[in-house]
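New to this one? Take a moment with the sequence and the 3D view, and then we'll walk through a few spots together.

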Amino acid sequence: MSTIDNAPLTWRHYYITAVASLGQLIGTGLATLVSVIIPLYQIISHPELSSFMQGLVGAMDLIGIMVGSTILGKLSDRFGYLFFFRLCPAIVCVSAILTLIFPSLWVLIVCLFFMGFGIGGEYSLDSNYISQLMPTKWTFLMVGAAKAASAFGNIGVALVCFLIVAHWSHAALWPHLMWIMIVISGLMILLRIRWWESPKWLLNKGKTAQAERDVHHFLGAGVDVAVEDITDKDAVGADTDDLKHPKPQPGFWRRNWRNVIFTGVPWACEGLGVYGIGVFLPILVMALGLEHISAGETPLMHVDSSVEITLWISCIILPGFVLGLALINKVRPEKIQWVGFLLSAVFLFILLLAYDHHWAKWISIGAFMAFELFLNMGPHLITYVLPPKVYPVADRGLGSGIAASVGKVGAVLGVFFIPVLLQAGGSSLVLIVSIIVMLIGGLVTFFFDPERFKNVANKG
């Protein structure tokens, strides 16, 4: 009889990973959808949306993710994963339906917050299910693969939006794009009808018999749940948050200030690239003059052409993740991250030169695609996996939470300030600030690498 930790990898593990990964897919899919809705709403809005309102619309789902991941993550630790694993896509689905029925700006803003709220719960639950049901030797790769699934959200939603908008006669039809979220979240609900509670959560609650039944549902009769040795009889049935995330000893900040900078600041810098640029990618494409249309075309055709270019740029995200996963067991993740930041900055600089000197469009588009390749190979993938690697067990829960929170703060700030920068200094200013942010992420990763401090201490 195998246990969860040493079981051979089977199709059941792939299925678990695929279903759980839909949370990552719908998260980036929503960000891509918002990037298309904003320019469409601009066409029908009189007066046009201010830079602040554009930033507010773009950031609302990210704010919802920040709130939802904290609240739903805590509730799932206390009451179990299964209910919230089904509730999260239902929240997204209902919010999308309300936006479709009541298509106004403020309804959109409120519903984007709640869609983000549900996706935030997904972000806390998908990695928990995957990490607790995978064999130990495959856990890291499968969690990374779940993160890579976010690329399908970018690509798939951009493709569907392009195909839909190409057949529209006016931009007022933008609420119908919410059908994309309704379909994806509806599929998630259906796939989770036959789903079960996390066996390890049940075990920590002292429900051993139910844990054994549910692990058989997930992984088959040949796999059992290993009952950990718990010396304190009161530990069984204790709050899971206390078991999984022990309270840090006094002196957390003194012990871990370098780790906080090392994991948090690069994650915030990555957030500008993934969400700040990602949410306003069609607008940036138009501002950079990369569309393939003739003079005098309608504003709707400009949007559709920019979405087409966005699709081509988004297609490189998946190869970026694949390249990062291929390197992760051969090269130190820290090196992959700082090299990824550096190369991202280099190709943004090439894009800046191409824009300022009116080089051929294929150079600009190629530079943009190279930026996305190295951003996702390095920072987007590695910031997700570094906190568990560098924090000691006693501080890991708090440390990982701080890193994720700082990362989302960076994403929200990026989304708010991209339209402000566009209005203040145009595309050149956006690219200059983005280059600086990428360089900051790379320099912090390089100089605050814990391995570097360890080597210096050993030499001393």
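What follows is a short tour of a helix contact, a salt bridge, a cavity and a pocket. Keep in mind that this is a predicted model.

Let's start with two helices that meet. Helix 1 covers residues 11-44 and helix 9 covers residues 208-219; their axes are 8 Å apart and cross at an angle of about 95°. With an angle between 65 and 115 degrees counting as roughly perpendicular, that makes helix 1 roughly perpendicular to helix 9. Where do the two touch? Helix 1 brings Arg12, His13 and Ile16, and these meet His217, Phe218 and Leu219 of helix 9. Sorted by class, the residues of this contact are three nonpolar, two polar and one charged.

Next, the salt bridges. The whole structure has four of them. One joins the side chains of Lys200 and Asp5, at 2.9 Å from N to O. This pair ties together distant parts of the chain, since Lys200 sits in helix 8 (residues 199-204) and Asp5 in the loop between strand 1 (2-3) and helix 1, 195 residues apart.

Now for the empty space. Searching the whole structure turns up one cavity of 30 Å³ or more. That cavity holds about 190 Å³ of space. Its lining takes in 19 residues, with Asn154, Val274, Gly278, Ile317 and Glu372 the closest to its centre. Helix 1, helix 11 (252-279), helix 13 and helix 16 (361-377) are the elements that give two or more residues to this lining. Which helix gives the most to the lining of the largest cavity? Helix 11 does, with five residues.

There is open space to look at too. The second largest pocket has a volume of about 300 Å³. Pro39, Gln42, Glu48, Gln54 and Ile283 lie closest to its centre, out of 15 lining residues. At least two lining residues come from each of helix 1, helix 2 (51-79), helix 12 (281-287), helix 13 (299-314) and helix 18 (396-447).

Here is how the two linings break down by class:

| Space | Nonpolar | Polar | Charged |
|---|---|---|---|
| Largest cavity | eight residues | 10 residues | one residue |
| Second largest pocket | nine residues | five residues | one residue |

If you'd like one thread to follow through the 3D view, try helix 1. This helix packs with helix 9, gives residues to the lining of the largest cavity and supplies residues to the lining of the second largest pocket.

Key. Residues are numbered from 1 along each chain as its sequence is written. This is a predicted model: local features need pLDDT of at least 70, side-chain atom pairs count only at pLDDT 80 or more; totals for chains, interfaces and linings use all residues. Side-chain values use heavy atoms; hydrogens and water are left out. Axes are lines fitted to C-alpha atoms, for helices over the stretch in contact, and angles run from 0 to 180 degrees between N-to-C directions. Helices (H or I, at least four residues) and strands (E, at least two) are DSSP runs, numbered from the N terminus. Angles under 35 degrees count as roughly parallel, over 145 as roughly antiparallel, 65 to 115 as roughly perpendicular and the rest as oblique. Contact means heavy atoms within 4.5 Å. Ala, Val, Leu, Ile, Met, Phe, Trp, Tyr, Cys and Pro count as nonpolar, Asp, Glu, Lys and Arg as charged, and the others, Gly among them, as polar. On a 1 Å grid over the protein atoms alone, a cavity is a set of points where a 1.4 Å probe fits but cannot get out, and a pocket is an open set with protein on both sides within 12 Å along at least five of seven lines; lining residues have an atom within 4 Å of a point. Grid points are joined across faces, edges and corners, and a volume is the space filled by probe spheres set on the points. A salt bridge is a side-chain nitrogen of Lys or Arg within 4 Å of a carboxyl oxygen of Asp or Glu.
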